[in-house]
Structures are given as C-alpha cells and as structure tokens.
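Here is a short tour of two sheets and one helix, meant to be read with the model open in your viewer. Let's begin with the helix.

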Amino acid sequence: MSKLKIEDLTLIFGKEKEEALSLLKEGKSKAEILEQTGCTIAVKEASFQIEKGEFFVIMGLSGSGKSSLLRCLNRLIEPTSGKVILDRLNITSLTDKELQEVRRKEMAMVFQKFGLLPHRSVLENVAFGLELQQVPETEREEKAKTVIELVGLNGYENQPTDALSGGMQQRVGLARALANEPEILLMDEAFSALDPLIRTQMQEELIDLQKTMHKTIVFITHDLDEAIRLGDRIAIMKDGEIIQIGTPEEILTNPATDYVSSFVEKVDRKSIITAASLMFEKPTVAIAGKDGVEGSLRKMRVSGLTTLPAVSIDKEFLGFVYLRDLLEIKSQGHHVIAKAIRRDIPVAYPETTVEQMLPFIAENGRAVPVVNKNNNKLLGIVAQTSLLIETTGTSWENITGNAIDHLQNEII
Amino acid sequence: MIHIGNYIEDFINWLTKHFAPLFDMIKVVVESVVNSVEWILMFPPFFVVIMLIAFLAWKRTGLGITILTLAGLTLIWAMGYWEQTMATLALILSSAFMALLMGIPLGIWAAKKPLAKKIIRPVLDFMQTMPAFVYLIPAVLFFGLGKVPGAFATIIFAMPPAVRLTTLGISQVPEDVVEATRSFGATPKQLLFKVELPLALPTILTGVNQTIMMALSMVVISAMIAAGGLGETVLKGITQLKIGLGFEGGISVVILAIILDRITQSFGTNRKKALHS
C-alpha cells in the first residue's frame, strides 16, 4: 500500500471558492473561473500516490502551485476539496488536535528560507520539534545531538543560527525535521536558496542520508536537474496541474507534452539515460555447451545476424561468436563453439550511463553487452546506433517504429 | 449647534450612577497597588533605594548612567523632594504596570485577529490624540480626587504604545518562522509563547519604555487632580509663580525621566547583544 495518497486534491484561492469549485467540475478553464468568480485555481484535481521509502519530487516553475500542493499535505494550507491519505488516515478530516499529532510524529518539513528560530542556538533549534512534544530536556538534547552529528553540524551546537552560512542553516533545518523521526519529510525548495556548489553538496549528502534513512520524501523544486538527480519519481506541474509523473528516465525518454519536452531538451541526457533503458532484452544468444557450432549457425540463419553473444548454460556472458569464426572451426571439424568465442569484451551494467558507454563504441564498434553486476548474466544488448543517437541528440522517435527492425539487424 | 458635550456628560453621569460599585472596586484595587509600590519605595532608607537603583543602572547600562543615577537621586534628596519623587515613581510604576497588563494582551489580540485590529486602532488613535487633561475630568467623576483617578488617567494615556508595539512586534515575526513552527505541530499557545513573543520581545520592550515615559508625563499632569508627587511641586510653582520651586520640581522630573528611560531601554537592546555573544 502506498504511504501517501492524494485524491482529487483541489486548492482554490479567493472568496467564492464553492462557486469556483463547481465551475471547475463543469470543466471551465482557469481563465474563465478567474473572470467569473475572481478565484485562482492553485492546484487542480491532483491525484497521485507516493510509496513508502520513495523520493518523490514535484517539479514546476514558480506559480505552478507546487509549494501550495505540498502545504496541503500537512494542511498548512487547507485544501478546498479532495483527500490526503497517510497510510489509512484521512488527513483532510482530522481535528486540529489530531493534525498536530500528525505534524509532530509523521511529517516534518524543511523550508526554502529555513524558518529557524533566530533567538535560539543550533541545539535548541534542532530540539524544537521535540520540545513542542514536551519531551524532557535531557532526552531531547540527546536526540538532537545524534541528529546534529548525522547532518555534520557537530561543534556548532551552541552557535546562534543566524551566524551560520546558508548551507549550515539548512543543515539545521534538516536536522530539526529529522529529530522528530518522521515517516515523511516534506522539503519545500530546500536547496534553492543555496549557491550552486553548496547545493550540489547538499544534494549528495541528502542522497547518502536517504540510503540509510529510507524516509518517504516529498521534495519540491523548480530545477529539473535537481529533480532528476534526487527523485525516484518526478511529478511535473504546470498552472496547478500535474502533467506527468514518472521516473527521471521515463520523463526524459517519453515526455508527455511539449511543455515537458521543452524542459527536457535542456537536460544533459548522457549522464541520465542508462543501459537498462537503451538495451534490447532477450537477444538471440549462442549457448555454449548446448548450442554446438551447427546450432549456433542455425540461429544466425534464422535471425539473419552474423554475430551472436555467447552465454553459458547459466546465461553467464562469455563473449561474442562471429559467423566467419564458426565457419572456420567447422571446417576444422570442431563441434563446440568454445574455441570461436571472442572473450574479454567490455561489458556494461544496467545502471551504466550513456556517457560511460561511449568509450566502448570507440574501442570496437560492436554492440555493448549489458550484464548483471553480481552474477555476470547477460541481460541485453545496447546497439551502438542507440548510443550514437543518444549522444548526438537525435530525437527518440527516429529510432522507434520502423527504425527498430533496422536496428535489430545492425545490432550485432 | 450640536452639543456632543451634553451627550458625553449624560453618558458619564449615567456611568457614574449605575456603575458605582464597579468603580469602587476598581478604586480599591488600584489604590492598593499604588500604595503597595509606594510603601516598597518609601519603607527603606533613601540611600538604600538610591543604591538599589544605581546597582540596577550599573547592571543594565554603563558607568555614565550609574554615576548620573547616584548624583541625580542624591541631588533630589538634598533638595528635599525625596518623598514627592518616590510618590511619583510609585504612581508611574503602578500605572505603567497596569497599562502593560492590559495593553500587551490587547496588542496580541489585535495582531491575531484582523477584526480586533480594525476596532482597536481608531480607539488608540483617539486615546493618544485627545489632550491629556481631558482624561482628568471623567477620572475625577468616577473616582473623586487623589491618586486613583491620577492612575486611571495615566493608564489610559500610557497604554497605546504598549498595544501598538506589541501588535507590530508580533506581526513582524517572519512568516516562514511561524509556518515552520506550525508545521512541527505547535499549538497556538506554543506558537505564541515559544516563538512569537520571544521574537517580538525587543519591540514589545520598546513599547514598555514608551509606556513608562508617557506615564511619567501624565503623572505630573495628574497633580491637577491631587495625585500628589512632583507634579504637585511643579503645579505650586506655576500657581504661585515661584520659578525656583517650579524649576526644582522640573529638574527632579527630568532626572527621574532619564534614569527610567535609560534603564528600561537597556532591556530591549541588551537582549539582542546577549544572543550574539
């Protein structure tokens, strides 16, 4: 079951919310509703689910409603209609007291402008959430110190927060959120106020932290590069609507609208697209110890290929066999293909990026085998044409459809 | 011609007639507060009080103000106005205390509720711009002559800055800090006491300072309704055209004003410094 479920969530700003809502249900456009009622639709009928332990990024430009949507999740802003469901708990119907409890225990938030208490030290800021829960002082300071160490703030415990740099202040913000041990972290443009170098560093640290914490994170950003770097999945918002949800690769390789593609164009794909998404799965293979020379030649004839990857019976990748080598050893009277296998072929793993695979083309002009890192089993084959298309930036459409047949032939 | 004055008179008379028990109760309370403060200031020998005030000045401010406090208060004693000065100080402190007791909560209320702010603001404008002497008339009608009507007029006159600056201080607390506090599940009470009031404190303390200073000016004026103290000395100087007497009373007021101002101001500014050291 998903950790957080957002159902048909709409947020309207203005006085005549009810009227605006009914107009919205009739299918009127935002502009029409604004004209008739003076109300702005900040979030329009958003529905999505976030899995436990998922790093979910909501990306959009300013005014797209992303921050308002985030604030609806813990009801810092009351949604006009729709539901937010945490596990089985309907957040939208909670009383003030129950909501306080959820904010204290389940969801903690990190803010763009940090929102730290300037009259308190780092330690007191980090312990603030626990203080609100009336945790005894020694206990909360102990907890706070653990978290301070986790985010790399040790030694700063007694500093006032406004003497710290932006990056350090945001560490305090993050530590304050983590001290509550929440299941869900809501991060509102948490790194946007930081300068680029510090931002990248914080992103990396957050990724490292997440590897051990496994929190469910909802992260807001206006920066697609950041979204791609951090997100397991990304939701793209425009004018209050979610227009696409998918993994970074899905969004890059298959943008839902022109708006998304215009964003995606600017992203450096080489470092994002992986072998897993480029490879052709289940290629025809010659199985050493099962297919003899004759069997392998038959497979080549049927598939019309002149080169096959060779695998062991356990599907372990061994190398490539070539038509002319097979014919040669056949004339020498051999029946097993072992002798014809060209070994020591460089391999890629599913997570290997296009960028990392580029040297392979230069080296041998052959397709790149993709294997499982642990057991060396062959998973698929990446054609060099695919690599070239990705690096030169020709659009994906050109290699789908008819081009596929052509590719399959050329692959090996 | 419209005689608003007549209506006001009728209204005040009506109040005096029908709310007499209430006014009596207020009178008892205010009188006991003023008398207790006066007793505290008058009971110890004068040099003990001077030393205590000078010690406070030394703790909160620099050497200069400390010396000025010592010299100034000693001068007042030497001129023979010690009792009047302490009576004035008691009236200032107790009226300011009661003004703050009402003003700060009102200020918080106005900061929280836009409607309250809409109502309170014009009332405050009215209270501040109305010539101070005018308050003396209903004060006398409600409470007769003496310290209590003096305190009453002073409370009304001195309250506005406490209300205004409390409201200002709380609305100046950064929105993101308030939002962050709410996001961690703070109750409205926790938000107020752990975040808003501490952050608004320097501004509120400026309000406290202003309230005390306004109380001082009003306490002197309220000598006209027999509130006593230094105001009485000054008033005597005016009515009997005794310039020396008026001047002596005046200079005592100035000394008291400087000491009160510097000490109360220090609470606002030192706080910021303390956090950074």
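In this predicted model, helix α3(B) buries V49(B), I50(B), I53(B), A54(B) and A57(B). These buried residues lie on the same side of α3(B), because they cover an arc of only 130° around the axis. An α-helix has 3.6 residues a turn, so residues three or four places apart point the same way. Turn to the face directed away from that buried side, and you will find the exposed residues F47(B), V48(B), L52(B), F55(B) and K59(B). As for its length, α3(B) spans residues 46–60, and its 15 residues reach 21 Å from first C-alpha to last, close to the 21 Å expected at 1.5 Å a residue.

Now over to chain A and its sheets. One open sheet has 3 strands in the order β12-β13-β14 (chain A), with mixed pairing. Its edges are β12(A) and β14(A), each of which pairs on one side only. Across these strands lies helix α14(A), residues 293–303, running at about 135° to β13(A).

Another open sheet of 3 strands follows the order β11-β16-β15 (chain A), and here the pairing is antiparallel. At its edges are β11 (280–281) and β15 (368–371) of chain A.

Two antiparallel strand pairs, one from each sheet, are set side by side below:

| Strand pair | Bridges | Residues standing opposite |
|---|---|---|
| β13(A) and β14(A) | 5 bridges | V311(A) and F317(A) |
| β11(A) and β16(A) | 2 bridges | F280(A) and I381(A) |

For picking these strands out in your viewer, β13(A) covers residues 307–311, and β16(A) covers residues 378–382.

Definitions and conventions:
Residues are numbered from 1 along each chain as its sequence is written. Chains are lettered from A and ligands numbered from 1 in the order in which they are written. This is a predicted model: local features need pLDDT of at least 70, side-chain atom pairs count only at pLDDT 80 or more; totals for chains, interfaces and linings use all residues. Two strands pair if DSSP finds at least two bridges between them. Helices (H or I, at least four residues) and strands (E, at least two) are DSSP runs, numbered from the N terminus. Two residues are in contact if their C-beta atoms, placed from the backbone, lie within 7 Å. Axes are lines fitted to C-alpha atoms, for helices over the stretch in contact, and angles run from 0 to 180 degrees between N-to-C directions. The expected span of a helix is 1.5 Å times one less than its number of residues. A residue is buried if 20 or more other C-beta atoms lie within 10 Å of its own, exposed if 12 or fewer, and partly exposed in between; C-beta atoms are placed from the backbone. The arc is that of the directions from the helix axis to the C-beta atoms.
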